[in-house]
Amino acid sequence: MAEAHNPLAATIRMRKEPSNPVEAFVKKAMHIWSKRQPELAADVLSPDLVEHTWGVTGIAEIQEICYAMHDAFEDYHLDIEDVISQGDLENGKISCRFKATGKWVNAYCGVEPSNEYISFPGVLHWLVKDHKVTDSWIYQSYADAPELGYAVLKLSKENGVFC
């Protein structure tokens, strides 16, 4: 008998345990996505955060994207590959290379699922002030699901926002 899907069972992995406050901050921030805990957003995101790539502003819109991703991808989790920073959490920049994976089981951005495990490697860049992300840019590859990548791009351009 198959085990029931538990969205809170999603994981976040780093190649090593955080060795400094910036790496610990990245791990905490990524829990918003990996453990479907958008309520943690206020701990790490500025209320007026601008996600430039997706064209969204504010915590509520980030939380909506988080729920949509977890609804579409079973066993969703993140691997943090690298963290590079300049400055500190008071006033700095953080870049992170990551890989998101999950089984695509429900429609996402208007595209029907493949019911296969797919991988979304990506890079994000944050501006951080007073221990909060104020600006974000995220770039992901949709090589495992090009039809999804095209849909995300098309909807983003048509609507001026992430789907």
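Here a trainee and a mentor talk through the cavities, a hairpin, two backbone angles and a helix of this predicted model.

Trainee: Let's start inside the protein. What is the volume of the largest cavity?

Mentor: Happy to begin there. The structure holds two cavities of 30 Å³ or more. For the largest cavity, the volume comes to about 220 Å³.

Trainee: Which residues lining the largest cavity are the closest to its centre?

Mentor: The lining is made of 18 residues. By class, 15 of them are nonpolar, two are polar and one is charged. The closest to the centre are W33, W54, L124, W126 and I138.

Trainee: Which element gives the most to that lining?

Mentor: Several elements give two or more residues to the lining of the largest cavity: α1 (21-34), β2 (45-51), α3 (59-72), β4 (73-87), β6 (117-129) and β7 (132-140). The one that gives the most, with four residues, is α1.

Trainee: Good, now the strands. In β5, which residue is the bridge partner of L78?

Mentor: Take the pairing as a whole to begin with. β4 and β5 (residues 91-104) run antiparallel to each other and share twelve bridges. They form a hairpin, with three residues between the two strands. In β5, the residue bridged to L78 is A100.

Trainee: Staying with β4, is D75 buried, partly exposed or exposed?

Mentor: D75 is a nice residue to pause on, since it lies in strand β4 and has a positive phi, near 55°, without being a glycine. Most residues other than glycine have a negative phi. Partly exposed covers the range between under 20% and over 50%. The relative accessibility of D75 is 35%, so this residue counts as partly exposed.

Trainee: And D130, what is its relative accessible area?

Mentor: D130 lies in the loop between β6 and β7. Its phi is also positive, at about 50°, although D130 is not a glycine. The cut-off for exposed is over 50%. D130 counts as exposed because its relative accessible area is 55%.

Trainee: Last one, on α3: within what arc do its buried residues fall?

Mentor: α3 has 14 residues and reaches 20 Å from its first C-alpha to its last, close to the 20 Å expected. Its buried residues are I59, I62, I65, C66, M69, H70 and A72. Looking down the helix axis, you find that they line one face of α3, because they fall within an arc of 165°.

How values were computed. Residues numbered from 1 in each chain as written. Predicted model: local features only at pLDDT ≥ 70, side-chain atom pairs only at ≥ 80, totals over all residues. Heavy atoms only, no water. 1 Å grid on protein atoms, 1.4 Å probe; cavity = no way out; pocket = protein on both sides within 12 Å on 5 of 7 lines; lining within 4 Å. Points joined across faces, edges and corners; volume = space filled by probe spheres on them. Nonpolar A, V, L, I, M, F, W, Y, C, P; charged D, E, K, R; others polar. Pairing = 2+ DSSP bridges. Buried < 20%, exposed > 50% of the residue type's maximum accessible area, 1.4 Å probe, protein only. Expected span 1.5 Å × (residues − 1). Arc of directions from axis to C-beta.
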